[in-house]
Amino acid sequence: MQEIRCPNCGEVFAVDESGYAQIVRQVRDKEFEKEIRRRETDLTERKDSELKLARMEQKQEFDRTLSAKDAQLFEKEKAIEQLRARLSGNETEKKLAVSQAVQEKEKELSGKTAEIAELKSRLANKEAESELRERSLQKQYEDQLRQKDELIGYYKDFKARQSTKMVGESLEQHCLNQFNSLRMTAFPAAYFEKDNDSRTGSKGDFIFREAADGTEFISIMFEMKNEMDETATKHKNEDFFRELDKDRREKKCEYAVLVSLLEIDNEYYNNGIVDVSYKYEKMYVIRPQFFIPIITLLRNAALGSLAYRRELEAVRYQQLDILQFEENMNAFKEGFARNYRLASDKFKKAVDEIDKTISSLQKMKDYLLSSENNLRLANNKAEDLSIKKLTKGAPAVKEMFNERKCAGAEKGEDIYARDSQN
């Protein structure tokens, strides 16, 4: 057991080792968070200081450049003034200067013409590259469209050759085979099995789960749907959203995915992975060819948030520890208050009994003091007792004491003197 003293009231109470460790860990975590905030503040101040220094250096550099430009401008203006002086002083030099200026302008114009020609050539090359890229994208789109048409034709032919039940079962088997072909290489630690739990009244087709260090970071409920073209009732993908969402929530899965061959001519579902979370949270509709890609995408996204999930889990456990500590503290306070109340009542009763005892002892003291006073008075009366007082009013007794006195006198004794001494 460890003792902890309250810094406010000074009260000391004992806690067990686990509670003490929880308090130490909580204080350590708070100190760690305080240190992180302090370092963030230092980093921000350092960043602001460095930014101010960089701005100051940039301003100084700009001022130096501006000064240099001013100096150059001054030199040019000086040269112009000198040239003007020369032109005004000598007409021949003026014509020569004009001729040189014209030649320089013609040379500059020639250079500009060459630069324009080069830019036109580059623009033509860019237009050619753009045209080639456009043709490549058009060909790529046409190839994808052709593959999509071939896939649609394949699945139409596939469904035409099987019964309605076999079509659904074959789609499930197709997805299972796809997953098993990559299970040991891409998903060695994952769980992917049929959902056989129908206790809630319904069940999905497959459940995918994966965990790391005991923390589950991804879970997907899969439903596979298909039907033959000859089926009298044509279903839509939306017909199965509500039930799939219900299965996802009951089986505590994070995502729901409908692998569907329904509405095979609907381009909305043929363009790739379709997010229908605007109707039901975290739900997607895919064609079978996107079965493995959607698992990979959702799994990689969840792996990116695994660290945050672990932190949240740790925070949740810390909160549980804090709640447990508070519950233990409240229980201790209640028990301590109850024991204190009982002890206080007992103490009060003991004080009352002591007061009663003191009162009784005081009465006994008064009785003893009164008895002592009576004994003192009796002693005083005994000391004041003499034969004269005893024989007063009793002549016969007095005569008897006189005779005894006479007899004693003969023997040399004084009875009155002895009596007075006593």
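**Exercise 1. Work out how Glu250 and Lys246 are placed in helix α4 and whether they are buried or exposed.**

Step 1: Glu250 and Lys246 are four residues apart in helix α4, so about one helical turn separates them. Helices here are DSSP runs (H or I, at least four residues), strands are E runs of at least two, and both are numbered from the N terminus.

Step 2: Glu250 forms a salt bridge with Lys246, with 3.0 Å between the closest N and O atoms. The term asks for a side-chain nitrogen of Lys or Arg within 4 Å of a carboxyl oxygen of Asp or Glu.

Step 3: Glu250 is partly exposed at 30% relative accessibility, and Lys246 is partly exposed at 31%. The classes are buried under 20% relative accessible area, exposed over 50%, and partly exposed in between (1.4 Å probe, protein chains only).

A note on the model: it is predicted, so local features need pLDDT of at least 70 and side-chain atom pairs count only at pLDDT 80 or more, while totals for chains, interfaces and linings use all residues. Residues are numbered from 1 along each chain as its sequence is written, and side-chain values use heavy atoms, leaving out hydrogens and water.

**Exercise 2. Find which residue forms a salt bridge with Lys282, and which ring the charged end of Lys282 sits over.**

Step 1: The side chain of Lys282 meets that of Glu254 in a salt bridge (3.0 Å, N to O).

Step 2: This pair links distant parts of the chain, 28 residues apart: Lys282 is in the loop between β7 and β8, and Glu254 in the loop between α4 and β6 (255-260).

Step 3: Lys282 is partly exposed, at 29%, whereas Glu254 is buried, at 16%.

Step 4: The charged end of Lys282 also sits over the ring of Tyr255, 5.3 Å from its centre. The rule wants NZ of Lys or CZ of Arg within 6 Å of the ring centre and within 35 degrees of the ring normal.

**Exercise 3. Classify the ring pair of Phe192 and Phe222, and say where the two residues lie.**

Step 1: A search of the whole structure gives 11 aromatic pairs. Rings of Phe, Tyr and Trp (its six-membered ring) pair with centres within 6.5 Å; planes under 30 degrees apart are stacked, over 60 edge-to-face, and the rest tilted.

Step 2: The centres of Phe192 and Phe222 are 6.1 Å apart and the planes lie at 75°, so the pair is edge-to-face.

Step 3: Phe192 is in strand β3 (residues 191-194) and Phe222 in strand β5 (residues 215-225), 30 residues apart.

Step 4: Phe192 is buried, at 0%, and Phe222 is buried, at 0%.
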